[in-house]
Amino acid sequence: MKFNRNFRHRTGLHLALMLVSLITVAPYLWILSTSLKFRTEVFTPTPKWIPWPINIQNYLEMFEMAPFHLYLINTIIVVTGILAVQLVTITLAAYVFARRNFWGKEFFFFLFLIQMMIPIHATFLPNFLTLKNFNLLNTRIAMMLPFFASGYGTFLLRQAFRQIPRSLEDAAVIDGCGGLRFLWHVLIPLAKPTLIAFSIISIVSHWNDYLWPLIVTDTPEVRTLTIGLGMFVQQESGADWTLLMAATAFVTAPMMIFFLVFQKKFVESFMLSGMKG
Amino acid sequence: MRTQRLTSYSYLLLGLFFMGVFTFIPVFLSAYLSLFRWNVSSPEPAFTWFSNYLEVFKAPLFWLVLRNNFIYAFTTIPVSMCLALFLAILVNQKMGTIKSFYRVSLFYPTMIPMVAAAMLWVWIFNPGLGIFNYYLGFLGVPRIEWLYDMRYALIAIIIMSIWKNFGYYMLIFLAGLQSIPNHYYEAAAIEGAGGWKKFRYITLPMLAPATLFVFVVAIISSFQVFDQVFIMTQGGPGDRTNVLVFYIYQHAFRFWDLGMGSTLTTLFILGLLFAIWLVFRVIGRKVYYEV
């Protein structure tokens, strides 16, 4: 009796999960399938899920139509640039907020918290004007600048630093390992999971940035993948779906591959992102 | 002690500098610029008090945009939160390696760029060749011109946005579920509590912090929706998918009406901060936090 009930309960569970998974995965399989078809194969009355004969020409052709290799390099530069500076700013600030006492600490911390609440899209117009004043429009650095400070990252890391016992710092100071050296040799290694989590979230979100790069770039030399894809769509104006889907698949590929390979780390990181919030 | 204090400030300096220049000054700058007429017909900023605000409120399109955005928020937020919670509970059950398959398939939309996701759905919603109409046909739904129909375009965007975002919320709920100590459930079982009671009196209250987090994130993101609108509909047809950030973008970077753009930006910030304050005021105090 018990077995029977349990079995039915399990089947229901897996049926529900399978159904939803199928619905969420289907769109991605469908672009992969479309991107591997010949142009004429798209026009079938019933959806043809398995592309046969396979055509990889679309993936080669898209590079002739637009400089996607350049977009890829630009994206990598922008994303790593943002992350590198973010790591410095958030580590220093989180250290100070977690370990030091000084006048105005609450106020400054409040500023960092408020930054999380201010919608980033609301700063783009004035930031555009600022960068225009400094003649920085249409550069890679322009795409990075507004994201260098992260109230969110600071907050996340401060929580991690606070969980490290104070006695450790006292011991380190006695051994002559205070200040920055303590931060570098003790706190950072101990807070590594949080740093990795923040890095993954930062990489994913800036890899996917669209509006800000759209506003500050206007030549292919500096454009990122997402902008390149948007331009490609307008250029092709929906005429050739196999080519468009190849470009779409290419733009999603780096993050998808990373995600599939480091699946566990990604999931853990995104889970951590809300825990401390 | 004094040098320590000085170094403390110096460590903060870098972060505060970027934050000041690119977050806080912009907020005040747009509030200031909102008081000027500054557009193509008036290339030099001219101080006009609050006339921009009056103009915004008088424009019927502004109210349509606001309505669209509220419809988007009030549909995507509850649907994706309920879906996320439901699936989190299912995925949290004991099962074998298939668990990671479920997690990946439910979460991967979060990883791909919104622009690419939007492209993908343009193809899926294609009236003639798209698989969406094809499979809906099995349910007896007649062919719909999704993105080209004033009645359905916003619904199409809502559907794709739920698909894109619920996986992240699910992970947050999953994290919340895993932090609930098992002995709560054991104690409840001894007391004779059934499945529903356990859910109602243990799971839900213990998930309150996760729910609050997801709710705030969902509010912020649903009023910042832009990419999918830009790619899928450009605000059309007939402005039925025009939303707040797209409206700001149009004014600032299409019509080069920087005064109007600043006014809308200022209203946007005020509205959103007010909404977040309200959420914390009403719900926040009931939530138990472990910091």
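**Figure 1. Surroundings of B:Phe213 in helix 10 of chain B.** In this predicted model, B:Phe213 counts as buried because 21 C-beta neighbours lie inside 10 Å, where 20 or more are required. The residue belongs to helix 10 of chain B, which covers residues 208-222. B:Gly284 is 71 residues away from B:Phe213 in sequence. The C-alpha atoms of B:Phe213 and B:Gly284 are 9.9 Å apart in space.

**Figure 2. The hairpin of strands 1 and 2 of chain B.** Strand 1 of chain B spans residues 36-39, and strand 2 of chain B spans residues 42-47. The two strands pair in the antiparallel sense, with three bridges between them. Two residues form the hairpin connection from strand 1 to strand 2 of chain B. Opposite B:Phe36 stands B:Phe47, a residue of strand 2 of chain B. The side chains of strand 1 alternate in direction. B:Phe36 and B:Trp38 point to one face and are buried, whereas B:Arg37 and B:Asn39 point to the other face and are not buried. In a regular strand, side chains alternate in this way between the two faces of the sheet.

**Figure 3. B:Trp256 in the loop between helices 12 and 13 of chain B.** The loop that holds B:Trp256 follows helix 12 (244-254) and leads to helix 13 (258-282) of chain B. B:Trp256 counts as partly exposed because it has 13 C-beta neighbours inside 10 Å; a residue with 12 or fewer would count as exposed. Leaving aside residues up to four places away in sequence, B:Trp256 touches B:Asn39 and B:Val40. B:Trp38 is 218 residues away from B:Trp256 along the chain, and 8.5 Å separates the C-alpha atoms of B:Trp256 and B:Trp38.

**Figure 4. Buried and exposed residues of helix 9 of chain A.** Helix 9 of chain A has 12 residues, 179-190. From its first C-alpha to its last, helix 9 of chain A reaches 16 Å, close to the expected 16 Å. The buried residues of helix 9 of chain A are A:Phe182, A:Leu183 and A:Leu187. Down the helix axis, these buried residues fall within an arc of 100°, so they line one face of helix 9 of chain A. The face turned away from the buried side carries the exposed residues A:Arg181, A:His185 and A:Pro189. Among the elements that cover the buried residues of helix 9 of chain A are helix 3 (68-99), helix 7 (151-162) and helix 8 (166-174) of chain A.

**Figure 5. The side of chain A that touches chain B.** Contacts between the two chains involve 67 residues of chain A and 70 residues of chain B. Helix 1 of chain A, residues 2-35, gives the most to this side of chain A, with 11 residues. By residue type, the side of chain A that touches chain B consists of 48 nonpolar, 18 polar and one charged.

**Figure 6. The fold of chain A.** Chain A has 14 helices and zero strands. Its 277 residues give a radius of gyration of 24 Å, against a value near 19 Å for a compact globule of 277 residues. Along the principal axes, the C-alpha atoms of chain A fill a box of roughly 75 × 75 × 30 Å. Of the 277 residues in chain A, 41% are buried. Among contacts in chain A with a separation of 6 or more, 76% are between residues 24 or more positions apart.

Note on methods
Residues numbered from 1 in each chain as written. Chains lettered and ligands numbered in written order. Predicted model: local features only at pLDDT ≥ 70, side-chain atom pairs only at ≥ 80, totals over all residues. Contact = placed C-beta atoms within 7 Å. Helix = DSSP H or I, 4+ residues; strand = E, 2+ residues; numbered from the N terminus. Nonpolar A, V, L, I, M, F, W, Y, C, P; charged D, E, K, R; others polar. Rg over C-alpha atoms; globule rule 2.2 N^0.38 Å. Expected span 1.5 Å × (residues − 1). Arc of directions from axis to C-beta. Pairing = 2+ DSSP bridges.
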